[in-house]
Structures are given as structure tokens and as C-alpha cells.
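Trainee: I'd like to go through this one with you and ask where the labels come from. Can we start once it's on screen?
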Amino acid sequence: MFDSFNRRINYLRISVTDRCNLRCTYCMPAEGIVLMPHSEILSFEEIIEVVDAAIAMGVDKVRITGGEPLVRKGIVNLVEMIASKPAILDLGMTTNGQLLEQFALPLKNAGLHRINVSLDTLNPEKYSQITRGGDINKVLRGIKASVEAGLSPVKINCVIVKSTSEPDAVEVAEYGKKMGLQVRFIRQMDLEKGEFYIVDGGSGGDCSTCNRLRLTANGMIKPCLFNDMEYNVREHGAVQALQYALGNKPSCGTVNKHGEFYNIGG
Ligand code: SAM
């Protein structure tokens, strides 16, 4: 499918939950968030309806995100359901890695291709500070388990304040090199202020080549992370909501006053 600016849209990012087992300082307020009522969260069947409609329109790439996707009950089953679609050529997940050690092999066996693990520093205390209580050793064991399980590629998402020469970024880059993993540096963004940047080592942030639509955990199709527009799949049906999002995808991001990274999925 092509949007009105002739960009080929083939990538659907699915946020499967707004819940997270971490509280990263740049992503969530310290006091936590008002969680979506369970009745609002799409069931796997509803998510698959959207995936099928997206496939019919030309989507061949899906990434599962959150919140933290590994806290969604039955996530391996959802991966299996999506991976079983022959049209999906590329199935990835973005995770904070806290539960990855136990999930890496089941995810691979369910058909997940690739995984991105968020890791902003190699300093255990700083990691715990940034994530408000996360255990870096769990992440490192999760990364190792992912490589051993054969997920490929395993990439690191490293949020930086400004520059890749920050000491934490340099250390993460060295760790990536040592482990043979690609590191993507994501400059800290602000949805409300409309501050977004091209991802160093990735494809995000460049509006002219954006190929994405997003599905939030409560069933909104969003044409753009940096825009308030969203179309409810329960209200319009999956096909129509996707069509509206495609037709209204803006040429470039501006601001998003209502959404947050933790419920849209970064
Ligand atoms: N919980 C998972 C994780 O931590 O990877 C998936 C969801 S998280 C919202 C997805 C990505 O968004 C992470 O790599 C995270 O670092 C990034 N992210 C969150 N807030 C951000 C911000 N303000 N600026 C840039 N990236 C952000």
C-alpha cells in the first residue's frame, strides 16, 4: 500500500500492552501511569484481525512492542499466530529484556525472527536508576540467551541524551562490538514538544522514508508517532481504521499531545 505521499507502507508496529515492569525516567512518570482498563485492551483475536487486514493491504513486516511485550500473558502464542502468516516476512520484538532469558528460546521456536533489547548503560547502578529498579544482569543474560536461541539479528536500542560520544553510549557500543551486535542510538525524544531525531543505526525518525503504521494496545491505528491522529478498530473495523490511517498519514511528524511512548511503543 502507498500513502498519499507515495511512501510504501509495509510495516505494522503492534503495542500489545500498556503495562511495563520498568519505569524508565524518559518514558514513564515516577508515580506510574493510569492503566488502561482490561476491557479496552485488544484480545489476540482482535489483534490478528488487524494483522490480517494489514497483510491484505501489503504489510509484510511486524514488530511487537509495548509497554513491555513480555508481560502480556500468552505473548508466545501471539507470536506464533502472527509468525504462521506466510505473508509476514519479518517479525520482530522490542523488549527491555528483564524477562528475556526465559522467553528467548520459546519466542524463537514460536517463529520470532529478530529482537531489539533496550540497554542505555552498562553500569548496573545507573541502569537501575534510569529504569527505576531494573536489573542489568537479567538484560545481559537475556541478550546472551537470544543469541544462543538463534534470534537474528539481536540489536541493542540505546537511548542517548544528545550524542553517541556520551560515556554510557561509548560503553554500550563497545559491548555491542564485543558481542557482535548492532547498536541503534536513539536520541531522547519529546512527543509533546515535537522533538524527534533520525535514529542512528536504524530506520526510525526519517519522515520521508517512513513505512509504518501503529496499533496501540487499546485498538487505535496511528499513522504517525508524532501526531494525535488515531482510528479505533473497534469503532470503524480493522480495514476501515487502517484505510483512514493510511489516507491521513502526514508527510511529517509534528507533535503528539496525548500519546506517550509507553502506550504507543516507541
Ligand atoms: N518495553 C520495551 C522496551 O523497553 O524496549 C518496549 C517499549 S519501549 C517504549 C520501546 C523503545 O522506546 C525503547 O527502546 C525505549 O528506549 C524507547 N523510548 C522510550 N521513551 C523514549 C523517549 N522519550 N525517547 C526516545 N526513545 C524512547
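Trainee: Why is there no bond between the sulfur of C207 and the closest cysteine sulfur?

Mentor: A disulfide needs two cysteine sulfur atoms within 2.5 Å. The closest sulfur to that of C207 is in C252, 3.2 Å away, so the two are too far apart for a bond. Keep in mind that this is a predicted model, where local features need pLDDT of at least 70, side-chain atom pairs count only at pLDDT 80 or more, and totals for chains, interfaces and linings use all residues. Residues are numbered from 1 along each chain as its sequence is written, and side-chain values use heavy atoms, with hydrogens and water left out.

Trainee: And how many disulfides does a search of the whole structure find?

Mentor: Zero. C210 is in no disulfide either: the nearest cysteine sulfur, in C224, is 6.7 Å away.

Trainee: What makes C207 count as buried?

Mentor: Buried means under 20% relative accessible area, exposed over 50%, and partly exposed in between, with a 1.4 Å probe and protein chains only. C207 has 16% relative accessibility, so C207 is buried.

Trainee: What makes the pair F196 and F226 tilted?

Mentor: Rings of Phe, Tyr and Trp (its six-membered ring) pair if their centres lie within 6.5 Å; planes under 30 degrees apart are stacked, over 60 edge-to-face, and the rest tilted. F196 and F226 are 4.5 Å centre to centre with 40 degrees between the planes, which gives a tilted pair. F196 is in the loop between β6 (182–187) and β7, and F226 in the loop between β8 and β9 (231–232), so the pair ties together parts 30 residues apart in sequence. F226 is also buried, at 5%.

Trainee: Which other residues form a tilted pair?

Mentor: Y231 and Y244, with 5.6 Å between centres and 40 degrees between planes. Y231 is in strand β9 and Y244 in helix α8, 13 residues apart. The count comes to two aromatic pairs.

Trainee: Is Y244 buried or partly exposed?

Mentor: Partly exposed, because its relative accessibility is 34%. Y231, at 14%, is buried.

Trainee: How do you know that the charged end of R187 sits over the ring of Y197?

Mentor: The rule asks for NZ of Lys or CZ of Arg within 6 Å of the ring centre and within 35 degrees of the ring normal. The charged end of R187 is 4.0 Å from the centre of the Y197 ring, and it counts as over that ring. K61 lies over the face of Y11 too, 4.4 Å from the ring centre.

Notes. Helix = DSSP H or I, 4+ residues; strand = E, 2+ residues; numbered from the N terminus.
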